[in-house]
Structure formats: C-alpha cells, structure tokens
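Thanks for coming. I will take two places in this chain, a buried arginine and a domain contact, and keep it brief. Please look at the display first.

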Amino acid sequence: MGKYVVWFKDLQKDSIAIAGGKGSNLGEMTQLSLPVPNGFAVTAQTYKEFIEQTGLKNQIEQLLLGLDEEDTTNLQKTSEQIQKIIIETPVPEDMAEEIVDNYELLGMKKRDASNLVQPEEVFVAVRSSATAEDLPSASFAGQQATFLNIKGKEHIVDAVRACWASLFTARAIYYRQKNKFEHSKVYLSAIVQRMVNSEKSGIMFTINPATNNADELVIEAIYGLGEMIVGGEVNPNTYLIDKKTKELKKIEVKKQDYGLFRNEKGENVKRDIAKSNQEKQNLNDKQIQELFRLGKKLEEHYGRPQDIEWAIENGEVFLVQTRPVTTFKPKVAGERLGITEEAGKILLKGDTASAGVYSGPVKVVNAISELNKVLKGDVLVTVMTTPDMVPAMQRAGAIVTDEGGLTCHAAIVAREMGTPCIVGTEHATQVLKDGEMVTVHASKGIVYEGKIEVKMPVKVVSSAQTKAEIITATKIKIIMDIPEMGQKAAETGADGVGLVRLEIMIAAGGIHPAEYIRNGKEKDYVNLLKDGIKKIATAFAHKPVWVRCSDMRTDEYRGLQGGNLEPKETDPMIGWHGIRRLLDEPKILKAEFQAVKELHDEGLKNVGVMIPFVIRTEEVQKAKDIMREVGLEPCRQVDFGIMVETPAACWIIEELCKEGVSFVSFGTNDLTQMTLGIDRNNERLNSRFDEMHPAVLGELAKVIKVCKKYNVITSICGQAGSRPEMADFLVHQGIDSISANADAVYDIRKVVAQTERKLLKDGGRKR
Ligand code: PEP
Ligand code: MG
C-alpha cells in the first residue's frame, strides 16, 4: 500500500471512504479470490490532497459560490471552467510518480532473455469512483467519467486527473446541489484496472430477469467486447441454468456476424466473426460451468441476486463488475447509469400503458416508411402506433405516443412484449428529437431528459409461486398475440389463453387478409395463421386457447400490402370490422376457420374460436354455417364463443345463449367504449374511461347471470381483467375464467384466491 494508491487486494467492501463504491467492490471480489482483473485505487484522499496542495480547492469554491443550478447556461460555463483548471494543474511530482510506478507494476509479468522482469505497458481502464465524506453510502454512480484503453505512463496521470475533473460535470454539480451535498465534501477515487482484451464477454443474472424466477441463472454471451450487448447491437446467446440441479435447461443461439475487438493501438474495431462460428454456441461447457460457479458465489456472498459483467481472455474468465439486480429490465442502451430520478428533468407526461423503465436514444416515426430507422434499443416515438408497426415495436426498448389510451394497440402489444410504454403524451413527436437520450419511466408515465438512475424494487417470485401453489376455482388465463411469446406466456402457469388476437400475426405477415383473398391466396393466409396459432397452442398443450377471428379496423392496417384499398370511414371504431365485415367477406372468415380445422386435424384440439363485435343472433348463425363448411361442428367439436363487447350483445344475451355458444368473453375495451360513449383511443378521455363504471358492471353482472342459466361459460379478455378490483367483482358474480396480461397473471391469481376464500367463508359464490 502506497501513500496515494491502494491495490485491490487491500480493499474490501467497507473501503468506500478510500476507494468509493466501485473500488471497494472490486476489492471485495479480489479478496474473495474471484478472478478480477488486477488494479489499484488512486485514493479519495489523494484527490483531496491534490486540490488542497495546489490551491484548486479555494478556486473551485469561489467559482461555485452562489451558483443557481437551474440556470443551465451558467451551470455549463462554471462546469467547463472548473474542469479546465483541474486539467491544466500539474499533479505534484511524488503523487504522479507513485501513480506511474504502480501502473508499471501492473505490467510486471514478462521476462526478457536474461530473465529479468521488464515492465510491459498494459492497457488499463481508469474509472471514477466517487464518495462523500459524511455519507459514504451515497450513490454517485455513473456521474463521472471512465477512460478505456489507456496505455503508457505518459497518459496515465492525465487520465486520473481527467477523472478528478469529471467530478465537476454540469450533471454532477446539478445532482449535488439538488441533493444538498457539499461540493467540498465529495471526493473521487480513480480506479486503474488492467483491461481484459475480450474474446467473449457478456452479462450474467443470478435470477431469471425475464420471469423473476430465482431458481434460474441466465448467462448472455457474445464474441468480443460487451458494449455490443449493452448497446443492443447484437443479440447474445442465452444460457439458462437451473440453480438447484446445475442443469443447463436451455440454450438460445443467435447469429453474430461481427463483434467489437480491441486492436493493437487500443482502438475498438468491428471485426467479422468466422463464418463457421457465427451460428454456433459461443461458450463451451467449461466456461458455462465456471461462470455459473462464480455467479452463485457472488450471490451467496452478497446475499442478493446479482447482475454481473464478465469477459473471457485467452480462455480465462474474468469478472468485471457486479451489482445487485435492481430491476427486471436491467438493460439500457449505452452506459447503464445516470443521475437519479429526483434530479431528472421532466420532458413529458402521459399514461402508463406498460410499466417499466428504459433509457435510450429517441427515434421519431412520422410515417410507416420511416420504421426502418428504429434500431434495436431505440425509444420509438410516434403519434399513435398501428399494428403494422409491430416489428419496429419489437426492436424498440420503449415506446412513447402522442395519442392513445390504455386499450389502444400500442399499449396492448407493449404490455405483451414487456416493453415500457407511455401513451397519450400529446406532444412527444414535437418535444423529442431524433438521437436525443431519454429515460422512459413508464411506471410513472414520465419521460426524463438523459439517462436517469431509477431505483426499482426487486420483486422475486419463485416459479413454484407462479404455478401450482395457488389453486383457484376460477380459471386464470392469459391474453397473448405474439406467437414467439408462447413459451414465455406458458411459464406464467396460466390455465390457458383467453384471447389470441390474429391481427398481430397478420401484421407480421405484411399482407392484408382481404389482399390474400383478392389474389386467390387463401392457402397462404391459412398457413400464416396456422403457423402462428400452432406455436401458442403447442406451448399451452391441453389447455384451452381461444383464438379470435380477425377484427381489423379499416384505419389501422393501411401499411399492409393491400391496406391502401381499405375504405375511408368517419369512425372506424364503430365501422366495418369484426363479424359484420367477416360476413361481408366470408372467404376471410372461412380461411380462419380452415386454419383452426387443420390444427384440430393435427391433434391440437385445444384451439377454440370466438367471433368479435357481435350484435345479432343472425351473425352467430351465419358464422356457424361457415364453420360447418370447413368440416367443423361448432360447440360440439370445437369451443365456439362470442365476444360480448357491445351493449347490444348484453341486451340480447338470452337469445345468443339460445342460439347456442360454448362461451362468451367480455371485451371490456369496446364494451366500455360503447356503453360510456368514450373513445378508447382518445388520450383526453383516459381518466374517464373506466371499466368499473356501474353501467358496465351492470352489463357484466346481467350477462353472467343469464349465461349461468344456459350453462354457457363466461370469461373476460378485455384489459380490465388485469385490474384486481374487476377480478374481485367478477368472482363475486361467479365468472368462470379471467384473462390477464402476462405481467398480471400472478397478481390476479392471488386476488381471485383471496376473493374465493372470502366467499367460501361468507357462504359461497354465485352459482
Ligand atoms: C375488447 O374490446 O375488450 C377486446 C378484447 O378486443 P380489442 O381490444 O382487440 O378490441
Ligand atoms: Mg374489441
């Protein structure tokens, strides 16, 4: 240990006052004999001495005196002045010497011909690790600079001093003033660490971040430097390991054709991956086992799930960083840290359509033709998403719209994808600019400027809890539209799928259903649907999967091939869609039934069908006739249901039951719209759009009561099924099944179990 530096081996987790959070954490891992690239901390006290000895301390204090942090121009100017004087002040000689000497020690490995140790200059990263005198636990993570690929003793001291200067970026000054930290009591330790020249690298989560399953560990791996994963530029291979049995449960190999590698000069350059390796599993068994061992050790040591960054050099595994898992969507584009939420500048507010937090660069899409500019990890900003934007939405890290309500398609698809989404901001496309970095705090409906650090509670739910543990009389199902999500949806333990919207599969196919028919390509349409539905029906083998016939509003699918021929309507919401349109274009309906028939023939008898937007019994009769034409007997051979989403259907429910249906499913999105006369997509009316309105509840109660008389199964597949208060109400009425969004299945199951228990105690539910 020197006067100015302390090596990792002499640091541990309570060394924050010396080496800040980052430095002490690296020390802790080194002490555990974990493979951390070696390095040392230029201590916080060294920084203090530097500014005191050189007289900088007083100068800085003078410059900061009376600074109004909200005066952005002045804040920026002061920040630049302070950083300039720090960078221009020579580091006292003994200090500089000690830093250089220790840097040279990092390279003491190579022996020359006479077997003498020769210092070899190595590449290092110089990182900032700040600490507060009075409050060592305060987090300044990510506010200060990091310098990568530094090599040579002439550069090392400059890099350390540049880290010190970064204590006075405008962002850091702003944060301290807002949080009432005295500038003079915040110090900075510069961490000098040998850089791993990554052949492979990645991230490891000691819980499954996609499902919250604490019994699984997930490794994401790519060739080359990890920046490409964090930036979302390449898709990593994913390895899923059962923590108890150590069994490798799943490997998902993704093609990687190029990676980022360090060249001789220390520049990061893109290089092609050998053709033979591009589509091969990129970690061998030994590496997977080694990572697993290290991940378990870290989790056990810290007593909480960890989010770990790792790298492999010459076949050897290194740990570069570990931190507690704080959110289940820990990936954000670029650097993963930022100023805290409290200090963030609010750019926009809207409604939470899909919860979560994400930081990334904005891409404003004003026309369908601009969709290609949305890259993986971008924040998609648009007036209102339409289903033909789905592929771009899947690439987006978050979605922000001007218009739309909670039941608009952007909201529905985003929820299913687990992508944070804010709708109804009114001005997002005006306020946000292409390339601008923002943080979408969808859980709060706020868009912040820049990258913001948001503390999210960790909600660990074991798979046992999500599945068998809670048994309810009411079936808890899931709503899903994206076939690729089938497996993940099934893992929620849902008792089936209460609604599969075909529109999303159709949009992914790129062709309007009417266009297939116009071109005599019914067969292609049948195959498209079959492929999609099959994925879901297989994932939910033996559990009912109710597919809804297409329900395409004429304004939403103009981007599809043939979509330009759709009629222009004054109000497409109450226009030519649902069963009324399908009966006008019976070949579309027939093709959809044909897809179901073929799946049944292949043994997937769990697939049922429902027809949307019913207002008359004749519609049901005619649809059944068309179903018979493809060789399926409705109700007897296949579950045949109707959506109850118009007041008309509620009024004539008795006739509909007499006509004969296997089940009804409440489409409360439309039913509320129709009953209250409130456009579900109008952001100005979001607060008034309430499925718990007594008029809607009255309709639901009546329909359930009548259906019971006729032994018709009742269900809900509108967004309201994910509302606990609605679930409670419906269980009281005696509903048979409730369908919720993937992220709500568990919570709704809990609510239903509670209500059922209570009803049992109070004398039973309605039968
Ligand atoms: C509904 O109206 O509640 C429903 C589920 O259908 P969609 O949201 O597709 O109109
Ligand atoms: Mg509807």
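When I say contact, I mean heavy atoms within 4.5 Å. With that cut-off, and leaving aside neighbours within four places in sequence, arginine 680 is in contact with Gly405, Thr407, Ile412, Arg553, Met573, Asn669, Asp670, Gln673 and Phe689. Keep in mind that this is a predicted model.

Where is arginine 680 placed? It sits in the loop between α24, residues 668-676, and α25, residues 694-709. Is arginine 680 buried or exposed? Its relative accessible area is 7%, and buried means under 20%, so arginine 680 counts as buried. Its side chain makes a polar contact of 3.0 Å with the side chain of aspartate 670.

Now the domains. The chain is divided into domain 1 (5-194), domain 2 (200-324), domain 3 (339-449) and domain 4 (463-762). In the contact between domain 1 and domain 2, 15 residues come from domain 1 and 19 residues from domain 2. The two bury about 1500 Å² between them, with 56% of that on carbon and sulfur atoms.

How many salt bridges are counted between domain 1 and domain 2? The count is one. Glutamate 313 and arginine 194 meet through their side chains in a salt bridge, 3.1 Å from N to O. Seven residue pairs are in polar contact between these domains, both residues at pLDDT 80 or more.

On the side of domain 1 that touches domain 2, the elements giving two or more residues are α1 (16-31) and β6 (146-150). The largest share, four residues, is from α1. By type, that side has nine nonpolar, two polar and four charged residues.

Terms used. Residues numbered from 1 in each chain as written. Chains lettered and ligands numbered in written order. Predicted model: local features only at pLDDT ≥ 70, side-chain atom pairs only at ≥ 80, totals over all residues. Heavy atoms only, no water. Domains from an automatic or database assignment. Buried area = accessible area lost by both parts, 1.4 Å probe. Salt bridge = Lys/Arg side-chain N within 4 Å of Asp/Glu carboxyl O. Polar contact = N/O pair within 3.5 Å; in protein donor to acceptor, adjacent residues only side chain to side chain. Nonpolar A, V, L, I, M, F, W, Y, C, P; charged D, E, K, R; others polar. Buried < 20%, exposed > 50% of the residue type's maximum accessible area, 1.4 Å probe, protein only.
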